[in-house]
Amino acid sequence: MRTYVSASAPYAIAVAVLLSGGSYAPALAVGLGFGAGRALTPALRRLSGDGERWDDFLAARLSGMTVVCSVLIAAAALTVRQ
């Protein structure tokens with residue numbers, strides 16, 4: 001199954017892990033985190049019971065979530081680098 005990824009962060013993290021030259025553990029952690037994140041969004045929308053209201057809730061908070069995720073990605077990149 002193909003999926004559309006609307007952000008470049010997963011690709012940036014993949015390159016960082018590839019260039020780190022470390023063990024397979026960071027790559028596994030990144031893959032599991034990405035997969036969990038991709039699965040969590042539709043699961044939460046489905047569990048909300050009202051997909052339209054959930055979409056509105058997400059849209060209102062998307063910019064703040066982007067900042068938080070960017071900080072987490074930067075922290076992860078620094079951790080992989082060490």
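**Close-up views of a three-helix chain**

The accessible surface of the protein chain comes to about 6800 Å², and carbon and sulfur atoms account for 67% of that area. The model shown is predicted.

**View 1. The whole chain holds 3 helices and 0 strands.** Followed along the sequence, the pattern of the protein chain is α-α-α. Helix H1 covers residues 9-20, while helix H2 spans residues 24-48 and helix H3 spans residues 51-81. The protein chain has 82 residues, and 5% of them are buried.

**View 2. Helices H1 and H2 cross at roughly 165 degrees.** Their axes come within 10 Å of each other. Angles over 145 degrees count as roughly antiparallel, so H1 is roughly antiparallel to H2. The crossing of the two helices, H1 and H2, is left-handed.

**View 3. Val 17 is a buried residue of helix H1.** The relative accessible area of Val 17 is 13%. Buried means under 20%, so Val 17 at 13% falls in that class. The C-alpha atom of Val 17 is separated by 6.0 Å from the C-alpha atom of Ala 27. Along the chain, Val 17 and Ala 27 are 10 residues apart.

**View 4. Val 15, Leu 18 and Leu 19 form a nonpolar patch on the surface.** Together the three residues have about 350 Å² of accessible area. One of them, Leu 18, has its place in helix H1. Leu 18 has a relative accessible area of 68%. The limit for an exposed residue is over 50%, and Leu 18 is therefore exposed. In helix H1, then, Leu 18 is exposed, whereas Val 17 is buried.

**View 5. Arg 45 and Asp 55 form a salt bridge.** The closest N and O atoms of the pair are 2.8 Å apart. A salt bridge requires such atoms to be within 4 Å, so the contact between Arg 45 and Asp 55 at 2.8 Å meets that cut-off. The structure holds 1 salt bridge. The pair links distant parts of the chain, with Arg 45 in helix H2 and Asp 55 in helix H3, 10 residues apart.

**View 6. Both partners of the salt bridge, Arg 45 and Asp 55, are partly exposed.** Arg 45 has a relative accessible area of 32%. For Asp 55, the relative accessibility is 28%. Partly exposed is the class between under 20% and over 50%, which is why Arg 45 at 32% and Asp 55 at 28% are placed in it.

Methods
Residues are numbered from 1 along each chain as its sequence is written. This is a predicted model: local features need pLDDT of at least 70, side-chain atom pairs count only at pLDDT 80 or more; totals for chains, interfaces and linings use all residues. Side-chain values use heavy atoms; hydrogens and water are left out. A salt bridge is a side-chain nitrogen of Lys or Arg within 4 Å of a carboxyl oxygen of Asp or Glu. Helices (H or I, at least four residues) and strands (E, at least two) are DSSP runs, numbered from the N terminus. Buried means under 20% relative accessible area, exposed over 50%, partly exposed in between (1.4 Å probe, protein chains only). Patches are made of residues with over 30% relative accessible area and no salt bridge: like charges are joined within 9 Å, nonpolar side chains (Val, Leu, Ile, Met, Phe, Trp, Tyr) within 5 Å. Accessible areas come from the Shrake-Rupley method with a 1.4 Å probe; for residues, only the protein chains shown count as cover. Axes are lines fitted to C-alpha atoms, for helices over the stretch in contact, and angles run from 0 to 180 degrees between N-to-C directions. Angles under 35 degrees count as roughly parallel, over 145 as roughly antiparallel, 65 to 115 as roughly perpendicular and the rest as oblique. A crossing is left-handed if the near helix is turned anticlockwise from the far one by less than a right angle, and right-handed if clockwise.
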